[in-house]
Amino acid sequence: MTLPDLTRPPLAIRRISLDTGRENVAVISRHSNALRAEVFRGFSRVELRINGKVLLATLMITDDDSLIGPGELGLSEPAFRRFNEPVGSLVTVTPAASPDSLDAVRGKIQGRTLSAAEMTAIVNDLAHFRYSDMEIAAFLISSARFTSTEELLALVRAMAEAGTMLKWKNPIVADKHCIGGIPGNRTTMIVVPIVAAHGLMIPKTSSRAITSPAGTADTMEVLARVDLDVEQMKNVVTSCGGCLIWGGHVNLSPADDILISVERPLSLDTPEQMVASIMSKKLAAGATHLLIDFPVGPTAKVANAAEAMRLRKLFEFVGDHFGIAVEVVNTDGRQPIGRGIGPALEARDVMAVLGNEPGAPADLREKSLRLAAHLLEYDPLLRGGTGYARAKELLDSGAALKTMQQIIDAQGPSICRSDLGTLTAEVLATDDGVIASIDCLRINRLARTAGAPIDKGAGIDLFKKIGDRVDKGEPLYRIHAYDRSEYDLAVAGAKNDSGFAIENHKSGGKP
C-alpha cells in the first residue's frame with residue numbers, strides 16, 4: 001500500500017461498531033504514533049485525508065490499546081460509511097481548522113443579520129458534515145431568537161440548492177404537507193393515492209418524525225421501502241403518478257435532515273425553521289402547487305387563529321418568491337386524528353380507510369377527503385366545487401386503494417419489524433363523565449416514551465375522543481411497547497397525567 005505523501009505518520013483505519021448518529025467521530029490511542037494526544041482535549045476536531053478525500057471528525061481519545069492501537073484510527077459507523085475507504089487504509093490525521101462560516105454563526109449569536117452569501121456558506125458546511133452538533137445547536141438557537149425575511153429566503157434557497165433539484169415535465173406538480181403536532185394525523189398516505197388515481201402528479205417526499213411519534217416516512221416504512229434514490233423515485237412516479245418516500249435518501253435539502261437531527265432532542269421547532277425546512281424541500285422536489293394543513297388547537301403547534309395567520313403569511317411570502325402556489329387550510333387540531341399513534345398503528349388506520357373497512361376511523365377518512373378535494377381542484381379540467389365528490393368517488397370505488405398497492409409494489413417491500421408491541425397496558429378513566437379535552441402534546445410524548453417512532457409497533461391505540469361519554473374504569477387508550485424500561489416509563493407517565501380531561505356534573509378533572 002502506498003503511503004500518503006504527507007509528513008505526519010499515517011494511521012490504519014479501524015471500523016468501530018458505534019452509532020454516533022449524525023456526527024463523524026474518530027478515536028485514537030493516547031499513545032498514538034501520529035498525534036500527541038495531550039495536545040488535544042476530548043472532542044477536538046480533526047481532518048482526515050486519503051486519496052484526495054477529506055473528512056472532518058470529532059476526536060475522542062482512548063487509553064485502551066486493545067480497542068485502538070497506537071498505529072490505528074478508529075472510525076464510528078457514520079464516519080466509516082461516509083469516508084468509504086477499506087479497513088486498513090492509511091489515512092493522515094491533522095488538527096482541523098474551524099469552518100470559516102462559523103464566524104457568521106458567531107455574528108448571528110451576537111444579533112447580526114446574515115447576508116445571503118453567509119447563509120449559503122453555513123448551509124454548505126452543514127451539508128458536508130463540517131459542523132459538530134454543538135455548533136449546529138448554536139446556529140439553530142441563535143436563529144430562533146430572530147430571523148429576518150431576507151435571511152429566511154436565503155436559507156430556503158441555500159438548503160434547496162445544496163442537494164438534488166428535481167425537474168418534472170408536468171405543468172402541475174402537486175404536493176401536500178401537514179405542519180404536524182397532531183397525533184395520528186396520517187392523511188398524506190390517503191391523499192396521495194387519491195390524487196394520483198385522479199391523474200395529477202404528486203411525488204411526495206417526507207421527513208421522519210422530529211417531535212412526534214411518527215412522520216409520514218416512518219409510517220409508510222411499515223408498508224414499503226422509503227429509502228429510494230432519485231432514479232428509483234422517478235420510476236415510481238412515472239408508473240404510479242405518485243410516491244411516498246423519505247426525502248433524506250434522494251438528497252433533497254440535505255442540510256435539513258442534519259438540522260432536524262439536532263432539533264429533535266432540543267424539541268426546537270420555530271416558525272422560521274419550520275418554513276425553511278418545508279419550503280426548501282418543496283422547492284427541491286419541483287412542486288408547483290402546495291397544500292399545507294394547519295391543525296389549530298390549544299395543544300397543537302399552532303394554538304390559535306392569530307398564530308395561524310402569521311405562519312400562513314410566512315409560507316405564502318416564501319411561496320410567492322419562489323413561484324410555488326401555496327394554499328393553507330386551517331383544520332381542527334384539538335385532538336388526535338384516527339385511532340393509532342405510532343407507525344404500525346397509523347399504517348393500520350390508513351389501510352382501513354383506503355380499504356373502506358367498516359371500522360375505519362371516520363375522522364381520518366373525512367379529513368383526507370377534504371384535503372384531497374383541494375388538490376384535485378388544481379386540475380383545470382375539473383369543474384370548481386366538484387373536488388370533494390371526485391375524491392370520494394376515487395376512495396369509495398377502490399381506485400385509491402389500487403393506486404396505493406401499486407405504489408407499495410413499485411417502492412418495494414418493507415424490511416422493518418412492524419408487529420405491535422406485546423407489552424401493553426390500558427389507561428383507565430378515573431371518573432364518570434364526558435371527554436372534555438385531549439392534550440395532543442402529552443399524548444405524543446407518551447407514545448414517544450413507549451418507543452415510537454424508533455420501534456414501529458410502539459405507541460398508543462385510542463378508544464375515546466372529545467365528546468364521548470366514559471364510565472369510571474373504562475379504557476381511554478392502550479399503550480404498546482417492546483422494551484420493558486420504555487413501557488414502565490410510559491405507563492408511569494400516563495398514570496401521572498393521561499392527557500385526557502373528563503367533565504362530570506360534580507367536577508372536572510384529569511383521570
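Helices here are DSSP runs of H or I with at least four residues, numbered from the N terminus. The model in your viewer is predicted, and the tour below moves from its open pockets to its enclosed cavity, and then to individual helices and residues.

**Stop 1: the largest pocket**

Begin by selecting G21, R22, R82, W246 and S261, which lie nearest the centre of the largest pocket among the 29 residues that line it. The volume of this pocket is about 1,100 Å³. Next, colour helix 1 (77-83) and helix 9 (254-266), each of which supplies at least two residues of the lining. The largest share, six residues, comes from helix 9. If you then colour the lining of this pocket by residue class, you should find 13 charged residues, ten nonpolar ones and six polar ones.

**Stop 2: the second largest pocket**

The second largest pocket has a volume of about 320 Å³. To find it, select T211, S267, K301, L441 and R445, which are the closest to its centre of the 14 residues in its lining. Helix 16 (residues 440-449) gives the largest share of that lining, with four residues. By class, the lining is made up of five polar, five charged and four nonpolar residues.

**Stop 3: the cavity**

How many cavities of 30 Å³ or more does the structure hold? There is one, and the space in this largest cavity comes to about 550 Å³. Centre the view on H177, C178, I179, G180 and K301, which, of the 37 residues lining the cavity, are the closest to its centre. K301 is therefore worth keeping selected from the previous stop, because it is listed among the residues closest to the centre of the second largest pocket as well as among those closest to the centre of this cavity, where the probe fits but cannot get out. Now show strand 7 (174-178), strand 8 (202-206), helix 9 and helix 10 (271-285), each of which contributes at least two residues to the cavity lining. Helix 10 provides the largest share, six residues. The lining as a whole has 16 polar, eleven nonpolar and ten charged residues.

**Stop 4: helix 15 and what covers it**

Select helix 15 (residues 399-411), whose 13 residues should span 18 Å at 1.5 Å a residue, in agreement with the 18 Å between its end C-alpha atoms. Then highlight A400, T403, M404, I407, I408 and Q411, which are the buried residues of this helix. They lie on the same side of helix 15, because they cover an arc of only 140° around the axis. Turn to the face directed away from that buried side, and you will find the exposed residues K402 and D409. To see what covers the buried residues, bring up helix 6 (188-198), helix 7 (216-220), helix 8 (230-240), strand 9 (242-246), helix 12 (343-354) and helix 14 (387-396), all of which are included in that cover. Just after helix 15 comes G412, which takes a positive phi of about 100°.

**Stop 5: helix 6**

Helix 6, one of the elements that cover the buried residues of helix 15, is itself mostly covered, with ten of its eleven residues buried. Select T188, M189, I190, V191, V192, P193, I194, V195, A196 and H198 to display these buried residues. The helix is followed by G199, whose phi is positive and near 120°.

**Stop 6: D349 in helix 12**

Move to helix 12, where D349 is found. Is this residue buried or exposed? D349 has a relative accessible area of 4%, and it counts as buried because that value is under 20%. Leaving aside its neighbours within four places in sequence, D349 is in contact with G338, R339, G340, P361 and L364, so these make a useful selection for viewing its surroundings.

**Stop 7: backbone details in three loops**

Select A452 and P453, which are joined by a cis peptide bond with omega about 0°; P453 is in the loop between helix 16 and strand 15 (459-462). Next go to N84, in the loop between helix 1 and strand 6 (90-95), where phi is near 55°, a positive value in a residue other than glycine. N84 counts as exposed, at 58% relative accessibility. Finish at N251, in the loop between strand 9 and helix 9, which has a positive phi of about 60° although it is not a glycine. N251 is partly exposed, with a relative accessible area of 34%.

Notes
Residues are numbered from 1 along each chain as its sequence is written. This is a predicted model: local features need pLDDT of at least 70, side-chain atom pairs count only at pLDDT 80 or more; totals for chains, interfaces and linings use all residues. Side-chain values use heavy atoms; hydrogens and water are left out. On a 1 Å grid over the protein atoms alone, a cavity is a set of points where a 1.4 Å probe fits but cannot get out, and a pocket is an open set with protein on both sides within 12 Å along at least five of seven lines; lining residues have an atom within 4 Å of a point. Grid points are joined across faces, edges and corners, and a volume is the space filled by probe spheres set on the points. Ala, Val, Leu, Ile, Met, Phe, Trp, Tyr, Cys and Pro count as nonpolar, Asp, Glu, Lys and Arg as charged, and the others, Gly among them, as polar. The expected span of a helix is 1.5 Å times one less than its number of residues. Buried means under 20% relative accessible area, exposed over 50%, partly exposed in between (1.4 Å probe, protein chains only). The arc is that of the directions from the helix axis to the C-beta atoms. Contact means heavy atoms within 4.5 Å.
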